[in-house]
Amino acid sequence: MSRRQLILLALLLLAACALPFLVSNYRTFQFTLALVYAIALLGLNMLTGYNGQISLGHGAFYAIGAYTAAILMDQYGVPYWATLPAAAVVCLVAGFLFGLPALRLQGLYLALATFALGVSLPALLKYHHLEKWTGGVQGIVIDKPEPPFGLPINADQWLYFFVLAVTVLMFVLAWNLLRGRMGRAMVAIRDHHIAAEAMGIDAAMVKSLTFGVSAMYTGIAGALGAIAIQYVAPDSFNFFLSIVFLVGIVVGGLASISGAIYGALFIQFVPNIADEISRAAPWAIFGIFLLGFVYLMPMGVASAVRLALVLARAQGAK
Amino acid sequence: MEAFLHQVLAGLATGGIYASLALALVMIYQATHLVNFAQGEMAMFATYFAWSLINAGMPYWPAFLLTVVFAFVLGVVIERIIIRPVENAPVLAVVVVFIALLVILNSVTGWIFTYTIKVFPSPFPAEPIFGRYITSHGGGAIGVTLVVLLLLYLFFRFTPLGLAMRAAAQNPASARLVGIRVGWMLALGWGLAAAVGGVAGMMVAPIVYLDPNMMGGVLLYAFAAALVGGIDNPAGAVFGGFLVGVLENLLGAFVIGNELKLAVALVLIIGVLVVRPSGFFGKVFVTRV
């Protein structure tokens, strides 16, 4: 990474830290959610963007993460920060196990299988034998975390910083993973399955692991989302949540780390604006953006930003 | 025993609806090797069209026929305008386009007709006419499904246009060489699939009630049905539809309870895909590497 990029990133981080002191508590909360989405999108992007496995059911892993956190806090009194590793492990295992049969499926069939997962999960969460833990249709209400060590900030701001810290950590980890051996293997499998195997990559293992790691990211996001919203219920994790994630990675940019942030800002703030027109408007806009991006800008906002930077530099060099 | 028979017949009735939608999926799959995730929403949209006609005072059967025509045109237009540009695109792009279509149809319907749940009339009388084990709507739905099947069979088997469409689906290059307009055959295929889907929508609406999200679960069962029967085999899809309908009803009533019915579809889909991706009657493809 060049020095210039490092300075830019440091400035960005500084701006992110200053943000909760500049805007209202409600806006802070919205940015917190945007960060949560960014982690989830990063997870989905690893799977779909880098590894080429289509998932239409990532809302399910988000839900599993959220429920893991909520059940641990509600039933066992686990502190909120300690639920994240638990959610991570549960989703890693769940994703890996789902990824094993998914290995035999490619493209369309995987989309079908994950579609089924996404559509049927809310019904499973409502299952009355699990009601003791999941709270059935009513869901679970959890407490809002208070700022520790007597910090002079309010709960919303603390939550924002907590989520920001996790986000930065997850992005650094992802950046390391994706430019390393594993990331190269993921891209190689996406681009040419057979060539990748001929080069000695254990495609089955890499694909299942990618599924696991991707689910883990989304699960951590789910746990953070549950803590931020302080509430989980089956119907907030319906199939449309999985579509929201798909919109996020397509708009943000496939196979791009920064794309997760653009996508997250998009799925967090555009519905808010569109909601003022009509209840149906956000989805109509999502749909039109999906079509528009596939036809006109298949690599999303991230590629547009990259192109703009290159052009600007070329202008400057003249 | 009586309850069992009742559930089997009820299962056959919903199974017929799944079979119609599965058939629509298979028709598009045969022609383009794509699975249309928006099939359910297209059917839902057509059903709303029927609802507004009936609400405007049109008798049921003319409205039914007009809706079938409308769905056909809708399918053709969607293929020409939205699907055409991504014909040769990677799978991911196509899936995203289907999802976009699903979302747009869903929200536009919500926008026009609001999200309030509506009652959709059944053309069949309220008192049971097929004996006491099955509602008349259930029996009627089975009948309508069978008529649709017969018509499709006759069309594909005995008309020149049907033959041309089969040729275009099986071997586009050769079909083009003998003068078949392959692009238009695909569009017609989409239109027919949408029309069949529309019939399924109108048959299922009196049971699940009319709302923009009504097809979510139905589409899942239709996927399961198409996969069980073999996604490239129309007769298989119909068999799969009836099988899934009966299985869903029996398991829901006697084994796992109604809440987990959707999970049956999930297990079936993943199970079939993993164990026997070609389904019961599908062609087994061997890929050369």
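Trainee: In this predicted model, what radius of gyration does chain B have, and how does that agree with a compact globule?
Mentor: Chain B has 289 residues, and for a chain with that many residues a compact globule would have a radius of gyration near 19 Å. The value for chain B agrees with this, because the radius of gyration computed from the model is 19 Å.

Trainee: What percentage of the residues in chain B are buried?
Mentor: A residue counts as buried if 20 or more other C-beta atoms lie within 10 Å of its own. Applied to the 289 residues of chain B, this cut-off gives a buried part of 51%.

Trainee: Which pattern does chain B follow when it is read along the sequence?
Mentor: The secondary structure of chain B comes to 11 helices, and the number of strands is zero. Read along the sequence, chain B therefore contains helices and no strands, and the pattern is α-α-α-α-α-α-α-α-α-α-α.

Trainee: Which element gives the most residues to the side of chain B that touches chain A?
Mentor: In the pairing of the two chains, 36 residues of chain B are in contact with 39 residues of chain A. The elements of chain B that give two or more residues to this side are α4 (91–113), α9 (215–229) and α11 (261–275). With 15 residues, the element that gives the most is α4(B).

Trainee: How do the residues on that side of chain B divide into nonpolar, polar and charged?
Mentor: The side of chain B in question is the one that touches chain A, to which α4(B) gives 15 residues. Its residues divide into 31 nonpolar, four polar and one charged.

Methods:
Residues are numbered from 1 along each chain as its sequence is written. Chains are lettered from A and ligands numbered from 1 in the order in which they are written. This is a predicted model: local features need pLDDT of at least 70, side-chain atom pairs count only at pLDDT 80 or more; totals for chains, interfaces and linings use all residues. Two residues are in contact if their C-beta atoms, placed from the backbone, lie within 7 Å. Helices (H or I, at least four residues) and strands (E, at least two) are DSSP runs, numbered from the N terminus. Ala, Val, Leu, Ile, Met, Phe, Trp, Tyr, Cys and Pro count as nonpolar, Asp, Glu, Lys and Arg as charged, and the others, Gly among them, as polar. The radius of gyration is taken over C-alpha atoms; the globule rule is 2.2 Å times the number of residues to the power 0.38. A residue is buried if 20 or more other C-beta atoms lie within 10 Å of its own, exposed if 12 or fewer, and partly exposed in between; C-beta atoms are placed from the backbone.
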